[in-house]
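Student: Could you take me through one part of this model at close range? I would like to follow a single piece and see what surrounds it.

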Amino acid sequence: MLTVVDTDLGYGQKIILPNINLALNANEHVAILGPSGVGKTTLLHHLYQQLAEQTCLCSQAQGLVDNLSIFHNVFIGGLARHSRWYNMVNLLLPFTQPQQQISVICQQLELNMPLQKKVSELSGGQRQRVALARALFQQQPVFMGDEPFSALDPLMGVRLLNLVKQSHQSVICVLHDAELALAHFDRIIVISAGKVALDANAKQLTLAYLSQHYVVADESPHRAN
Ligand SMILES: Nc1ncnc2c1ncn2[C@@H]1O[C@H](COP(=O)(O)OP(=O)(O)OP(=O)(O)O)[C@@H](O)[C@H]1O
């Protein structure tokens, strides 16, 4: 589905992950783990850029518009599917069909509240579910998420991860919860000390073995010549 070959990832002259090689297959559920600041988001954004047309991205920043309603924030995820005219009219006076679609997605995400409610009035976990709803509304085959369940209680996190898996062919998530990753993903990639430190089938791994591959990020960045 996607290969990264001998690629330096970073920002301008600052290389965070030098010489990365990675192949991702369709229909996989992949968790990207590793210590804070090591480059997981950097890698995920690179993967998203390679596959943007088939992918919905649920980023850490979420990008929700506080002053807009749940409906409008979710509807924004589907803008690319429709004409400018349809989008303009629907944003002012929502049509029945998208309202019903978004209502179903919100119910699946256990967001049981009026769609007219402003996002600024929601809790952190509710906001995260609006961001997930917007991603699901994009109806793309690939889901990429950066800690997309981190603000939810663990049981809800598992329920919604299962929903995300049912709704997409491939799922790639950056996670800090290694137990969630081991129990619910096929493949685990650990980024550590500037490289892919581990890339293995989740069934072959244990928490103790995973933790051996966690090395705190080197503060001095690699530089391009
Ligand atoms: N826009 C940016 N410009 C320059 N450096 C950045 C930028 N974004 C992140 N970095 C740096 O890149 C490194 C990796 O950041 P990244 O967000 O990929 O890490 P992470 O593993 O996802 O961290 P966390 O688990 O804490 O979210 C960090 O040292 C960070 O300071």
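**A close look at helix 6**

Tutor: Happy to! The buried residues of helix 6 pack against four elements: helix 5, strand 5 (142-146), strand 6 (170-174) and helix 7 (178-184). Please keep in mind that this is a predicted model.

Let's begin with the helix itself. Helix 6 covers residues 154-167, and at 1.5 Å a residue its 14 residues should span 20 Å; the C-alpha atoms at its ends are 20 Å apart, which agrees.

Now for its two sides. Gly157, Leu160, Leu161 and Val164 are the buried residues in helix 6. Looking down the helix axis, you would find the buried residues within an arc of 110°, so they line one face of the helix. On the face turned away from that buried side sit Leu155, Asn162 and Gln166, which are exposed.

One of the packing partners, helix 5, is worth a stop of its own. Helix 5 spans residues 124-137 and gives the most to the largest nonpolar core, with seven residues. That core has 52 residues, and those touching the most other members are Ala31, Ile32, Val74 and Ala133. If you zoom in on Ala133, you will find contacts with Val74, Ile102, Ile105, Cys106, Leu109 and Leu111, leaving aside residues up to four places away in sequence.

So, to retrace the path: start at the buried face of helix 6, step across to helix 5, and continue into the core to which helix 5 gives the most residues.

Notes
Residues numbered from 1 in each chain as written. Predicted model: local features only at pLDDT ≥ 70, side-chain atom pairs only at ≥ 80, totals over all residues. Core = buried A, V, L, I, M, F, W, Y, C linked by C-beta atoms within 7 Å. Buried ≥ 20, exposed ≤ 12 C-beta atoms within 10 Å, placed from the backbone. Helix = DSSP H or I, 4+ residues; strand = E, 2+ residues; numbered from the N terminus. Contact = placed C-beta atoms within 7 Å. Expected span 1.5 Å × (residues − 1). Arc of directions from axis to C-beta.
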